[in-house]
Amino acid sequence: MRSAHRVETVRTAERTLMARLPAGALMQRAAAGLAAACADALPRVYGSRVTLLTGSGDNGADTLYAGARLARRGASVTAVLLAPDRTHPEALKTLLRAGGTTATATDAAPLLQHADLVLDGIVGIGGKGGLRPEATHLAGLLAASPATVVAVDLPSGIEPDTGEVHGTAVRADLTITFGTHKPGLLIDPARAYAGSVRLIDIGLAATLPHTPALESLQHADIAALLPRPTGESDKYRRGVVGIAAGSTRYPGAAVLAVAGALRGGAGAVRYVGAATDAVLARFPETLISHTGPKKAGRVQAWVAGPGAADDPAPVAEALATDVPVLLDADGLRLADRDTVRTRKAPTLLTPHAGEAAALLGISREEVEAARLTAVRELARRYDATVLLKGSTTLIAAPDPDTPVRVNATGTPWLATAGSGDVLSGLAGSLLAAGLSPLDAASAAAYLHGLAGRYAADGAPTSAHDVAEAIPRAWRDITT
């Protein structure tokens, strides 16, 4: 599992650790790891041309110390000093003693154009509100450079705690981050600026709190969550999921939600809605009810809303049950917020950015620019778990102290009609199997993303193909 901590938490942990270490030891650990990573990124260190974009403060000092280590190995290192009068004096002396040189920002253009590697040490985790004009100019020059760009701790210009980007930011090929991930490295739009992210252990784990701000589950974490049948399993022990979806206008939504549920391991799927013929034609094993969710029969979870059009009754009946309910698509619009908030059983909402914007009364662009804020606010307003779809999927529990989970297994090829219906059925099957909404959403997002990658394999795909690839993703995770 990858964990990310907020800036204030990291600062506190660093102060605690530094009090136990000799002066400067923590900075030297960071510089050593940074220099080693830069060496790995170069074809060879000796004779390479390295440019350091160096701001004031500890981030700039890390950059200078790392540059000194590369200079001792034969690299030609030049530090562009953005704040010469506030540059870390001891770090600068170390670079100069190692054979490095300095330049001003006005001399940066040719240095960046001819460098083999550039270290972005303009601002660190203390940076807020975007870059200043001089740094913005350098970021623009850097975007046109053929050099490999390595961000120091995080790309300059991104918001470390939220993943927001205000104006211009540095786009890195590689980000070397210290001690723990920062939320902005895991959440778009900032994540797209980070390139590959490599975590350097500087001993901070011992002083960080056990509970992070964000979690990114990996293969082993998802494998531990996925239910497995035993010799005593039957369809009810494996979980029966109810699907209240589809309409005469959108019968395919019902078919795809059922597909996601069946491929997601449901013991049985009980369907109610106007798309019975289409569902049975594709999945004859589906249990059919013509009475609506209230009298449909035994289920352990409901999925309500995909393709429901304007009929609020199935959504309201599902919410009136005492089992977990997943609301998606039209169900998000048709559900009464107070009804969701007062339910005794848990509720999972799965909006995309446009649906989240409608629920929050803001624009889609505002949601996409501040995904973390949006998902937390939705979870608070509805007192429900929320899975916010997007280039990075975020999952927030109603408890604000629970870490938000982030998933990045998806692919742009999942941006196709019906893909969300498959995800809702998949997550519903995991709810019916007994997983909590947070775990069901996390596992479903991870599986769905992998299935999308497998189905597309770099080429256009359909939601049907994604559903069919879920068993392969499940198998790869668990074996």
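Q: In which loop of this predicted model is Ala309 found?
A: Ala309 has a phi near 60°, a positive value in a residue other than glycine, and it is also among the residues in contact with Asp330 once the neighbours of Asp330 within four places in sequence are left aside. As for its place in the chain, Ala309 is found in the loop between S13 and helix H12 (313-319).

Q: Is Asp330, which has its place in helix H13 (residues 330-334), buried or exposed?
A: Leaving aside neighbours within four places in sequence, Asp330 is in contact with Gly305, Gly307, Ala308 and Ala309. Its relative accessible area is 17%, and because the cut-off for burial is under 20%, Asp330 counts as buried.

Q: What is the phi of Asp153, a residue that lies in the loop between S6 and S7?
A: Most residues other than glycine have a negative phi. Asp153, which is buried with a relative accessible area of 8%, has a positive phi although it is not a glycine. The value is about 75°.

Q: Which two residues does a cis peptide bond join?
A: Most peptide bonds are trans. The cis bond has an omega of about 10°, and one of its partners lies in the loop between strand S7 (174-178) and helix H7 (191-194). The residues joined are Asp188 and Pro189.

Q: Which backbone atom of Leu112 does the side chain of Ser145 reach?
A: Ser145 lies in the loop between helix H6 (133-143) and strand S6 (148-152), where it is buried with a relative accessible area of 11%. Leaving aside neighbours within four places in sequence, Ser145 is in contact with Leu112 and Gln113, while its side chain also reaches the backbone nitrogen of Ala147 at 3.1 Å. In Leu112 the atom reached, at 2.5 Å, is the backbone oxygen.

Q: Why is H2 oblique to H3?
A: Helix H2 (residues 25-41) and helix H3 (residues 58-72) pack with their axes 8 Å apart, and H2 passes H3 in a right-handed crossing. The contact includes Ala31, Leu34 and Cys38 of H2, together with Ala61, Tyr65 and Arg69 of H3. H2 is oblique to H3 because angles of 65 to 115 degrees count as roughly perpendicular and those under 35 as roughly parallel, whereas the two helices pack at an angle of about 55°.

Q: Which helix gives the most residues to the largest nonpolar core?
A: The largest nonpolar core has 54 residues, and those with the most contacts inside it include Leu226, Val241 and Ile477. Among the elements that give two or more residues to this core are strand S10 (240-244), helix H10 (251-263), helix H19 (437-456) and helix H20 (463-478). Apart from it lies another core, of 52 residues, among them Leu42, Val50, Leu64 and Val165. In the largest core, the most is given, with 10 residues, by H19.

Q: How does His352 count at 31% relative accessibility, and what is this class called?
A: His352 has its place in the loop between strand S15 (347-349) and helix H15 (353-360), and, neighbours within four places in sequence aside, it is in contact with Arg364, Leu388 and Lys389. Because burial needs a value under 20% and exposure one over 50%, the class of His352 at 31% is partly exposed.

Terms used. Residues are numbered from 1 along each chain as its sequence is written. This is a predicted model: local features need pLDDT of at least 70, side-chain atom pairs count only at pLDDT 80 or more; totals for chains, interfaces and linings use all residues. Side-chain values use heavy atoms; hydrogens and water are left out. A nonpolar core is a set of buried Ala, Val, Leu, Ile, Met, Phe, Trp, Tyr and Cys residues joined through side-chain atoms within 4.5 Å. Buried means under 20% relative accessible area, exposed over 50%, partly exposed in between (1.4 Å probe, protein chains only). Helices (H or I, at least four residues) and strands (E, at least two) are DSSP runs, numbered from the N terminus. Contact means heavy atoms within 4.5 Å. A polar contact is a pair of N or O atoms within 3.5 Å; within protein, one must be able to donate a hydrogen and the other to accept it, and residues adjacent in sequence count only if both atoms are side-chain atoms. Axes are lines fitted to C-alpha atoms, for helices over the stretch in contact, and angles run from 0 to 180 degrees between N-to-C directions. Angles under 35 degrees count as roughly parallel, over 145 as roughly antiparallel, 65 to 115 as roughly perpendicular and the rest as oblique. A crossing is left-handed if the near helix is turned anticlockwise from the far one by less than a right angle, and right-handed if clockwise.
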